[in-house]
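I opened this notebook to record what I looked up about charged side chains and their surroundings. The entries follow the order in which I went through them.

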Amino acid sequence: MNIQSAISREIFVPKDEKLLVAIEVRRRMKRKGLSFLNASRKRDYSTFLCLSVTNSQPAQVLITKVKRYPGTRQFAKRSQWSVEQLRQVNGINPDKDTPEFDLVFDRTSDQWVAGSAAEKCMFVQVLYHACQNYWEAKLGKPSTPGEQKIPGAPENKKSPDAPCQTNFVNCQQKLMGDACSVNMVIYRCKIFLKRMKNSMTANQGRPQREAAAVKASRSRSRSSPSPRAGRKMGNVMRRASQVLSERGERLTRAEEKTAHFFHGAKQFAEAAQKVS
């Protein structure tokens, strides 16, 4: 089972939500804070950005931050925002595929780096079309998130209570075009090939690590034993000596019984010869 399926089963299925996409990310810039608090935090956890939609009507599009800590295979839900809280998606570079992107919400903003440019493009593409479908269903008319204004065109006045749609800036046009399905297949193939490459590299390095570990253990065994190892070896020797002593006593008793039986058989033979 891959990571996306595991996240969907543990986090979103119990909440009656459908997971659309999940990618692993890391922060591009560390947040400012107190030094002693940052020093006490563990930074070796994994962070995933997930895009989901509720199965109930009206459907809600949600962005969720999920973490997995070392030593466990379970995932923990940390933060969640609705698409109405998402103000801007910044693709950083509109001319080429890059793994960096920013998400700006009502009260916070995050600067992320995806595991690869393909993962970032896939996430932005799915997010764009999810926002587009959400606003079309909410407003009852086709709408494009982050639509550019035409100079000289009359502006449509919005009511103060009208929701503000998500603005997509510095994003490649291919992520928001009609060939979204073809691009999605390409990105998924790139992600799969990268994971296969990383897996093969890890498998190739495993025998070398195992050989190094065996060599190190042998060198430690040849060196002077530790006190704990010496005590363990002494216990083994005492146990072996005790076993040998017990076996010798059993052999001695067996020999004595054999001699007793032989003497009795000899006396019986002599008595039988006299009677005959």
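**Entry 1: Asn90.** I note at the outset that this is a predicted model. I began with Asn90, whose relative accessibility of 14% puts it among the buried residues, because that class takes in values under 20%. I placed Asn90 in strand E5, which covers residues 86–90, and I found that its side chain reaches the backbone nitrogen of Ile92 at 2.9 Å.

**Entry 2: the salt bridges.** How many salt bridges does the structure hold? I noted six salt bridges, and I followed up three pairs, which I take in turn below. As background, side chains of opposite charge can pair when their charged atoms come close.

**Entry 3: Arg27 and Asp110.** I looked up the salt bridge between Arg27 and Asp110, in which the closest N and O atoms are 2.9 Å apart. The two residues belong to distant parts of the chain, since Arg27 is in strand E1 (residues 17–27) and Asp110 in strand E7 (residues 109–114), with their positions 83 residues apart in the numbering. I then asked of each partner whether it is buried or partly exposed. Arg27 is partly exposed at 29% relative accessibility, whereas Asp110 is buried at 2%.

**Entry 4: Asp102 and Arg28.** For the salt bridge of Asp102 with Arg28, I recorded 2.7 Å between the closest N and O atoms. Asp102 sits in strand E6 (residues 100–105) and Arg28 in the loop between E1 and helix H2 (35–40), so this pair ties together parts of the chain that lie 74 residues apart in sequence. Here Asp102 is buried, with 10% relative accessibility, while Arg28 is partly exposed, with a relative accessible area of 30%.

**Entry 5: Arg87 and Asp106.** I returned to strand E5 for Arg87, which forms a salt bridge with Asp106, the closest N and O atoms being 2.8 Å apart. This pair also links distant parts of the chain, with Arg87 in strand E5 and Asp106 in the loop between E6 and E7, 19 residues apart. Arg87 has a relative accessible area of 27% and is partly exposed, and Asp106, at 43% relative accessibility, counts as partly exposed as well.

**Entry 6: a positive patch.** Which residues form the positive surface patch? I listed Arg247, Arg250, Arg253 and Lys257. I followed up Arg253, which is placed in helix H5 (residues 227–275) and is partly exposed, with a relative accessible area of 45%. That value fits membership, because residues of a patch must have over 30% relative accessible area and no salt bridge.

Notes. Residues numbered from 1 in each chain as written. Predicted model: local features only at pLDDT ≥ 70, side-chain atom pairs only at ≥ 80, totals over all residues. Heavy atoms only, no water. Patch = residues over 30% accessible without salt bridge, like charges linked within 9 Å, V, L, I, M, F, W, Y side chains within 5 Å. Areas by Shrake-Rupley, 256 points an atom, 1.4 Å probe, with all protein chains shown as cover. Salt bridge = Lys/Arg side-chain N within 4 Å of Asp/Glu carboxyl O. Lys, Arg positive; Asp, Glu negative; His and termini not counted. Charge placed at Lys NZ, Arg CZ, Asp CG, Glu CD. Helix = DSSP H or I, 4+ residues; strand = E, 2+ residues; numbered from the N terminus. Buried < 20%, exposed > 50% of the residue type's maximum accessible area, 1.4 Å probe, protein only. Polar contact = N/O pair within 3.5 Å; in protein donor to acceptor, adjacent residues only side chain to side chain.
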